[in-house]
Amino acid sequence: MNIDLKELTHAGILDSTTADAIEAFYVSKKQKDSGSRFFQIISILGIVLVCLGLILIIGYNWFSIPKWGKVTLGFLPLLSAQLVGAFTLIKNKTNRVWSAISATAILAGVAIAMSLLSTIYNLDATYSELLKWGLLLCIPVVLVFDSGIASLIGWMGIGIYITTGTLFQNESKIVFTLIFVAALLYIYAKHLLENKIDLSWAWHHIAIPTVLILFTFALGPYTCQKIMLLHLLILFFVFSSLPSINSMAGRWWISLYNKIGFGGTYILAFVFSFKSFWTQRSMHLSENCFTSTGNYITTLFSIVFIFTVLYLIKSKSWNLARAFDMRYLIILLGLLIIVGHLFPAVSSILANGILLVSSAYFIKEGIDSENIVKLNLGIVILVLWVMFRFFSTDIPSIWKGIIFIVLGLLCFSLNYLLFKKKKS
Amino acid sequence: MKSKYILLSFFGICLVQWVVLSGWILDSEKIINEGKYLKIRYLNPNNLYATNTNRNYLWITPDPNTIEFADSGKYVLNQNVYIQYDCDQNNACDSYRILTGEIENDSNLIKATVESVYPSVKNDNQKIYIANLSYPYTQFYFNGKISTEKLDLYNRSIADSTKKIYIGIYALKGKAIADALWVENVKVE
């Protein structure tokens, strides 16, 4: 809630002394917060630089050091970080800077110990295996220190783990990924519900969906990507339906997320409007897609989806008048994937219909509510639709030219009409 | 959560970190001390270079790297296979058999995993499948400050088809740890 102090003073609700005191309090708080955040960033940068310097110096003399000396050196950073961690928990538990530094240092200590051990023993150093152990040893540290920066590093680690090696039909890797995601989601949800979101936690709103999207796409083979698209739509649907997300509408990241989601959903709708998408042999859904690992994941996604829909109906947050609310579009596109599996040609026609109707809806909404953004959004969807159809159909150039002129005139006239309406 | 429990959890986590990482050392030491030394051919010997950073990093593609087969279900994704090597008195292993199950107490055995399977067609139009294998030793760190003579010997041997180049490994119950590069019976590093 933004409060205008001058307005309140002017209305006689606040006297000027109280208003000045409130202003001074928030200015000082802002300065304190910004100083602490700056110190946090500089400290973490310092730790990283010191670690890198040590690694380079030790690396230069690596082969002159006896094996057990190397092992000891490998464990030293971890031991120091753990001691700092213990000190933080005993003496400075409430200090966020110390918590962030300790957690990041322990994460770095584990990473250094693992990489040096793999060098000393030429260990079974498949990257994916190292990452798995790294995440297993580090995620509990994130939970104990409740650190946003360490959690963000954890999410990045999960993203790299997912994209390294194969996830498809690799049951143990899928189970480990789910465990890591669940652990870090728990701490993120805790912060979200308690509304304790600083900058490092705010970045999670982008990192988490990105990692989950990577996960859904890595789950299946290329031939099952349509199911992965269904997972993607369900994810966006569930995330945008969360009450805590809706209660924070207006925040920068919600706005960014909705814009990316809106753009992505319409890109999918355009992809679905091409006949080749449904008839391409390599993209046919095979029976394997339902019998492989993706099977129970799809079931899990579907259950979450059904519960979200039931919740929305119960909480009466559906607005049937807004037929092209993002949620409806997502459900329609999800249904198209299922219909397209049975009748490939029908889905392409339906996708074209959805695009045209939504274009008309935005134009009408724009004119009725005198919203120039909505009006032009509708026009852009229409223009893009016409352009894409030109690429996939054989129409003489003269007709293409005429249609483009008509569209251009339509764009000018509609904007002019709205401008005139607003003025009157 | 109370501070006491948080502190206890932290000490527990630290203990687990030490146990897991020490376990790697103990496991590796066991393979080195109790394992059999095998010299195995590898498929991608590249030139070695002396480096300023005093160490270098080599990707190893052991032989066999792929399996060709006609029966589509014989090898599947993520399946473990065992490579049984035939080695001479100098531990040089030039031939092998691929097994789908482990043989107990066979010290010449290394475990590999089917990383991917894809269909292919041979020159005589026979439809086959190819499985790519992944091994427990794919990376090897060698000393960049090795002597010039050994470096030259290794680099000359790569171009010489009469010379055999090996990676020396310790093998125990299917597990393996890379130890050194060999040209015939000369240890390079």
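Q: What is the volume of the second largest pocket?
A: This is a predicted model in which local features need pLDDT of at least 70 and side-chain atom pairs pLDDT 80 or more, while totals for chains, interfaces and linings use all residues; side-chain values use heavy atoms, without hydrogens and water. A pocket is an open set of points on a 1 Å grid over the protein atoms alone where a 1.4 Å probe fits, with protein on both sides within 12 Å along at least five of seven lines. Points are joined across faces, edges and corners, and the volume is the space filled by probe spheres set on them. For the second largest pocket it is about 990 Å³.

Q: Which residues lining the second largest pocket lie nearest its centre?
A: Residues are numbered from 1 along each chain as written, and chains are lettered from A and ligands numbered from 1 in the order written. The lining (residues with an atom within 4 Å of a point) has 36 residues. Nearest the centre are Ile208(A), Leu212(A), Leu235(A), Val238(A) and Phe239(A).

Q: Which helix of chain A gives the most residues to this lining?
A: Helices are DSSP runs of H or I with at least four residues, strands are runs of E with at least two, and both are numbered from the N terminus. Elements giving two or more residues to the lining include helix 7 (171-193), helix 10 (225-241) and helix 12 (252-272) of chain A. The most, nine residues, come from helix 9.

Q: How many residues of the lining are nonpolar?
A: Ala, Val, Leu, Ile, Met, Phe, Trp, Tyr, Cys and Pro count as nonpolar, Asp, Glu, Lys and Arg as charged, and the others, Gly among them, as polar. The lining of the second largest pocket has no charged residues and seven polar ones. The nonpolar residues number 29.

Q: How many strands does chain B have?
A: Chain A comes to 19 helices and zero strands. Chain B has two helices, and its order along the sequence is α-β-β-β-β-β-β-β-β-α-β-β-β. Its strands number eleven.

Q: Which three residues supply the most of the area that chain B buries against chain A?
A: In the interface, 36 residues of chain B contact 41 of chain A, contact meaning heavy atoms within 4.5 Å. The buried area (accessible area, 1.4 Å probe, lost by two parts on being put together, summed over both) is about 3400 Å², with 67% from carbon and sulfur atoms. Of chain B's share, 19% comes from Phe10(B), Trp18(B) and Trp24(B).
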